[in-house]
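Biologist: I've got a fold to walk through with you, and I'd like the reasoning along with the answers. Shall we start?

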Amino acid sequence: EQPSEEKERRGGEVAKDASPEESPTEQETGKSGSVDTPEKEEAKPEDIAIPVEQPEEAPKAERENLLKNGSFNSDVDESKIRNGHWSSVTTPDGWELTKGKGVEIIDGQLNKYGKESNPNDLEGNFIELDGLNSSGIAQSIETNVGQTYDLAFDFGARDAHGGDNKMEVWWEGQLVDTIEKQANGGSDWSTYNYQVTAGDPAQLGDLSGKLEFRSVGDNDRGGE
């Protein structure tokens, strides 16, 4: 049985915005050259060219993914996938269902039925938000008030699907973006990057640190 034709997406990551890397300071070497000195007088230290070793470049800061199971490949989710294809409609491990009946978890190595592996996450799986009907999932992370976070995820369309393909991205109850795309000969995986800032949990309540992906296409078992 083939799954309904629909758009696909990978959960992605939310990470703290790292400080820009500092470039190593350039160091000048002394200039070499002739010195007008008596025969037995040694050259002054400042007139001798001394090679200076450049400091090693500082290692890049580790980026911590604050999302749990951002690639939908936890042991729980892997156990739901049948015959290397996809799961029944479900709620992925670590996420909550915010709309609809649930999503389908697709094996990340599946390359048929109009689907293609995501080259940016070959070890992960992906989901279809409109596997049965238009659905949404969300996850909340711990945040610090005023802290900026990097949000990144991959989004692709199921090849040759003729329906609409729309997905909304929400952060702490605010609409970040509405994505609409149509594949043309492939899944056309793309990475989307944003920066979001954490508000005050005392004011936001349950919306504090909440990231949501919401299908807003036709309820046609295909699209997002």
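Modeller: Sure, and one term first: two strands count as paired if DSSP finds at least two bridges between them. Keep in mind that this is a predicted model.

Biologist: Which residue in β5 is the bridge partner of Glu96?

Modeller: β2 covers residues 96-99, and Glu96 belongs to a pairing of β2 with strand β5, residues 136-140. That pairing is antiparallel and runs over three bridges. In β5, the partner facing Glu96 is Ala138.

Biologist: What is the strand order of the open sheet of five strands?

Modeller: The pairing in this sheet is antiparallel. β2 and β8 (174-180) each have a single partner strand, so they stand at the edges with one side left without a neighbour in the sheet. Ignoring direction, neighbouring strands are turned by 20° against each other on average. From edge to edge, the order is β2-β5-β10-β7-β8.

Biologist: And what pattern does the protein chain follow along the sequence?

Modeller: The protein chain holds two helices and ten strands. Among its contacts between residues at least 6 apart in sequence, 77% join residues at least 24 apart. Read along the sequence, the pattern is β-α-β-β-β-β-β-β-β-β-α-β.

Biologist: Now the loop between β1 and α1. What is the phi of Asn69?

Modeller: Most residues other than glycine have a negative phi. Asn69, in the loop between β1 (8-16) and α1 (75-80), goes the other way without being a glycine. Its phi is positive, about 55°.

Biologist: Is Asn69 buried or exposed?

Modeller: Beyond four places in sequence, Asn69 touches Ser74, Asp77, Asp93 and Trp95. The relative accessible area of Asn69 is 12%, and the cut-off for buried is under 20%. So Asn69 is buried.

Biologist: Which residue's backbone nitrogen does the side chain of Asn69 reach?

Modeller: Ser74 is one of the residues that Asn69 touches. The side chain of Asn69 comes to 3.1 Å from a backbone nitrogen, that of Ser74.

Biologist: Phe72 is in that loop too. Is Phe72 buried or exposed?

Modeller: Phe72 also has a positive phi of about 55°, again without being a glycine. Its relative accessibility is 0%, so Phe72 counts as buried.

Biologist: How far apart in sequence are the parts that the pair of Phe72 and Trp95 ties together?

Modeller: The structure holds eight aromatic pairs. Phe72 and Trp95 form a tilted one, 5.6 Å centre to centre with 35° between the planes. Phe72 is in the loop between β1 and α1 and Trp95 in the loop between α1 and β2, so the parts tied together are apart by 23 residues.

Biologist: Is Trp95 buried or exposed?

Modeller: The relative accessibility of Trp95 is 8%. The cut-off for buried is under 20%, so Trp95 counts as buried.

Biologist: Then there's Phe153 with Tyr192. Is that pair stacked or edge-to-face?

Modeller: Phe153 lies in strand β6 (residues 148-156) and Tyr192 in strand β9 (residues 190-197), so the pair ties together parts 39 residues apart in sequence. Phe153 is buried, at a relative accessible area of 1%. The ring centres are 5.7 Å apart and the planes at 15°, so the pair is stacked.

Biologist: Which residues form the one aromatic cluster?

Modeller: Both pairs we just covered belong to it. The members are Phe72, Trp95, Phe153, Phe155, Tyr192, Tyr194 and Phe213.

Biologist: Let's talk confidence. Which element has the highest mean pLDDT?

Modeller: The protein chain averages a pLDDT of 78, with 66% of the residues scoring at least 70. At the bottom among the elements is β1, with a mean of 67. The highest mean, 98, belongs to β5.

Biologist: Over residues 19-38, how many contacts does the model have beyond near neighbours in sequence?

Modeller: Where pLDDT is low, the predicted coordinates should not be read in detail. Residues 43-48 stay under 50, with seven contacts beyond four places in sequence. Residues 19-38 are below 50 too, and the contacts there number 18.

Technical notes
Residues numbered from 1 in each chain as written. Predicted model: local features only at pLDDT ≥ 70, side-chain atom pairs only at ≥ 80, totals over all residues. Heavy atoms only, no water. Helix = DSSP H or I, 4+ residues; strand = E, 2+ residues; numbered from the N terminus. Buried < 20%, exposed > 50% of the residue type's maximum accessible area, 1.4 Å probe, protein only. Phe/Tyr/Trp six-rings, centres within 6.5 Å; stacked < 30°, edge-to-face > 60°. Axes fitted to C-alpha atoms, helices over the stretch in contact; angles between N-to-C directions. pLDDT = per-residue confidence, 0-100. Contact = heavy atoms within 4.5 Å. Polar contact = N/O pair within 3.5 Å; in protein donor to acceptor, adjacent residues only side chain to side chain.
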